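Here are my notes on the structure you sent over, set out as numbered points. I hope they help as you look through it alongside the sequence.

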Amino acid sequence: MKFNSTKIRIEGFNQLKLLSTLQKEEVRVFEVDKQSPRILTLIIQKKDSRKVLAILEKMCYTWSIISVFDTKTILKGCVKRLGLIITALICTIAFSFSYSFIWRIDIGGNEKVDELIIQRMLDDVGVRVGTFSRRVDADALINSFNALDDVLMSSVQMRGTTLVIRLVETIDYAPPDIPSFADIHSRYDAEITRMIVHEGTPMVTLGERVFKGDILVGAHTMDFYGLEKIPSSASARIYGRVAFSKTVIFNETSFSLQRTGRRHVSDEYNIFGLRFGSSSHDFLRYEYERKQITLFENFFIPLRTNRTIYYEVELIEYTKDINAHAEMLKTEFVQDMVIHANSSPIAASHVLTPIGQGIYRLSVFVETELLIS
Amino acid sequence: MSFFSEVAKTMGLDSLRIASGYQVINYNGEAAYVEGFVQVLSIDNNEIVLKLKKGKIVISGENLSVASLETGAIIVKGNIKEVKSER
């Protein structure tokens with residue numbers, strides 16, 4: 001519909017005569033729509049309204065104004081929807097305003113560099129959630145990240161309200177195996193179980209007992225007659241049965257923490273970096289579980305709640321099953337061996353000795369096959 | 001068969017496709033018959049504009065008047081100088 005125009009519904013016969021009369025009166029009509037032989041709708045310019053209505057009255061047509069489109073109707077419409085317009089305006093301003101801040105920090109690509117280190121670096125330059133995004137000096141941050149030992153390159157950029165930090169870390173290459181031009185010595189007291197010698201002369205035999213520091217493979221070969229040593233590199237993998245032991249002293253009685261059934265729920269709200277709503281408890285000893293719920297993420301109201309549930313606990317004294325506890329300690333030791341020595345144990349045993357007054361000494365012995373060269 | 005379909009057939013055109021579009025006959029510049037338009041966009045003494053599915057037809061001249069108006073068909077009388085279709 002054109003601006004400053006009126007849409008009229010006209011009812012009556014001889015519509016052509018009406019159109020012809022309007023033309024004679026130099027009234028320009030728009031969007032003529034013959035809806036039925038009796039009903040016609042058309043649009044006229046607002047300035048012609050008085051003239052057209054007079055013609056319609058004179059020609060005895062039944063007419064009605066369907067709509068008027070001018071400044072007044074626009075203003076009326078705006079007044080009717082004032083609440084909506086103001087709300088939309090406030091939302092737009094709030095939305096634009098919130099876009100000037102950082103509401104999320106997304107750190108990625110870091111495996112060697114701990115996220116806490118990056119967060120501390122951001123804290124040092126005053127960049128955190130709720131900071132004005134223009135305060136972020138991306139180049140300075142990139143330079144400081146790149147200065148970290150394990151970082152090859154980095155990028156810092158704002159995507160909406162999220163500060164995106166990506167790191168590319170350096171790759172560690174294992175140094176190539178360099179043949180040793182020195183003798184290979186044993187790293188443990190052991191009984192030789194397997195020998196794979198690539199270069200050099202073996203100085204021990206299978207089943208032989210060796211001590212830490214003993215020469216396993218000599219960095220030489222013998223001449224044709226077996227009389228003279230010719231220096232060479234030594235390269236070998238020698239495995240041996242190695243025994244480890246560990247002694248632990250423990251008490252028959254022990255204490256454990258048990259929940260009494262009393263609990264306290266504390267909800268803390270976090271909006272624009274402000275925290276409020278947390279409440280305290282009167283428990284002497286307690287455990288707690290914490291859960292963070294983000295109500296709006298990447299939205300202009302970044303509301304988060306931290307729910308902490310405190311459980312009151314008390315110390316309960318109890319007597320251990322000595323044999324079961326000894327077995328558990330032994331299992332722990334064996335598992336430690338598997339992790340640290342990277343080897344499966346061949347045999348494990350233990351000796352439990354009571355010292356007196358409910359105190360016991362546990363000695364655990366584990367035998368395993370290890371690379372001793 | 002309608003007049004327009006018969007003409008389309010004689011000219012070897014697809015009569016169905018032609019029938020779904022618009023047709024114009026100019027009677028010696030004294031009257032024009034147009035069918036296949038969607039709406040009369042504007043009427044005044046010197047110009048009558050008809051809306052098509054795609055584009056519009058502008059009939060320009062002097063002393064133009066609507067002699068007949070039915071759904072999708074119009075007869076315009078007067079001193080017709082030009083019937084122009086704009087896509």
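1. Let me start with Asp48(A), which is buried, its relative accessible area being 5%. Its salt-bridge partner is Lys47(A), and the closest N and O atoms of the two lie 3.7 Å apart. Lys47(A), in contrast, counts as exposed, at 66% relative accessibility. Please keep in mind here and below that this is a predicted model.

2. How many salt bridges does the structure hold over all chains? The count is 20. As a general reminder, side chains of opposite charge can pair when their charged atoms come close.

3. A pair worth a look on your screen is Arg38(A) with Glu11(A), whose side chains meet in a salt bridge at 3.4 Å, N to O. Arg38(A) sits in the loop between β2 (29-34) and β3 (39-45) of chain A, while Glu11(A) belongs to strand β1 (residues 5-11), so the pair ties together parts that are 27 residues apart in sequence. Both ends are partly exposed: Arg38(A) has a relative accessible area of 38%, and Glu11(A) comes in at 23% relative accessibility. Arg9(A) joins in as well, since a network of salt bridges links Arg9(A), Glu11(A) and Arg38(A).

4. Chain B offers a salt bridge too, between the side chains of Glu86(B) and Lys84(B), at 3.6 Å from N to O. Are its two residues buried, partly exposed or exposed? Glu86(B) counts as partly exposed at 29% relative accessibility, and Lys84(B) counts as partly exposed at 36%.

5. Next, the surface of chain A. Met1(A), Phe3(A), Phe69(A) and Ile74(A) make a nonpolar surface patch of about 360 Å². Ile74(A) has its place in helix α3 (residues 71-80) of chain A, and Phe69(A) is found in strand β4 (residues 62-69). Ile74(A) is partly exposed, with a relative accessible area of 37%; Phe69(A) is partly exposed as well, with 31%.

6. Phe69(A) deserves a point of its own. Which residues does Phe69(A) contact, leaving aside its neighbours within four places in sequence? They are Met1(A), Lys2(A), Phe3(A), Asn4(A), Ser5(A) and Ile74(A). Phe3(A) and Phe69(A) are 66 residues apart along the chain, yet their C-alpha atoms are separated by 5.7 Å.

7. Helix α3 also contributes to a charged patch. Lys72(A), Lys76(A), Lys80(A) and Arg81(A) gather on the surface in a patch of positive charge. Lys72(A) is found in helix α3 of chain A, and with 59% relative accessibility this lysine counts as exposed.

8. For a buried polar residue, have a look at Asn306(A), in strand β19 (residues 304-319) of chain A. Its relative accessibility is 11%, and the cut-off for buried is under 20%, so Asn306(A) counts as buried. Not counting residues up to four places away in sequence, Asn306(A) touches Ser266(A), Asp267(A), Glu268(A), Lys291(A) and Gln292(A).

9. Now for chain A as a whole. Its secondary structure comes to seven helices and 21 strands. Of its 373 residues, 31% are buried. Taking contacts between residues at least 6 apart in sequence, 64% join residues at least 24 apart. The accessible surface comes to about 24100 Å², and carbon and sulfur atoms account for 54% of that area.

10. Chain B can be described in the same terms. Its secondary structure is made up of two helices and six strands, and from the N terminus on the elements run α-α-β-β-β-β-β-β. Of its 87 residues, 36% count as buried. Among contacts with a separation of 6 or more, residues 24 or more positions apart account for 38%. Chain B exposes about 5100 Å², with 50% of it supplied by carbon and sulfur atoms.

11. If you have time for a few spots, I would suggest three. One is the network of Arg9(A), Glu11(A) and Arg38(A). Another is the nonpolar patch that includes Phe69(A) and Ile74(A). The last is the patch of positive charge that includes Lys72(A).

Terms used
Residues are numbered from 1 along each chain as its sequence is written. Chains are lettered from A and ligands numbered from 1 in the order in which they are written. This is a predicted model: local features need pLDDT of at least 70, side-chain atom pairs count only at pLDDT 80 or more; totals for chains, interfaces and linings use all residues. Side-chain values use heavy atoms; hydrogens and water are left out. Patches are made of residues with over 30% relative accessible area and no salt bridge: like charges are joined within 9 Å, nonpolar side chains (Val, Leu, Ile, Met, Phe, Trp, Tyr) within 5 Å. Accessible areas come from the Shrake-Rupley method with a 1.4 Å probe; for residues, only the protein chains shown count as cover. A salt bridge is a side-chain nitrogen of Lys or Arg within 4 Å of a carboxyl oxygen of Asp or Glu. Helices (H or I, at least four residues) and strands (E, at least two) are DSSP runs, numbered from the N terminus. Buried means under 20% relative accessible area, exposed over 50%, partly exposed in between (1.4 Å probe, protein chains only). Lys and Arg count as positive and Asp and Glu as negative; His and the chain ends are not counted. The place of a charge is taken as NZ of Lys, CZ of Arg, CG of Asp or CD of Glu. Contact means heavy atoms within 4.5 Å.
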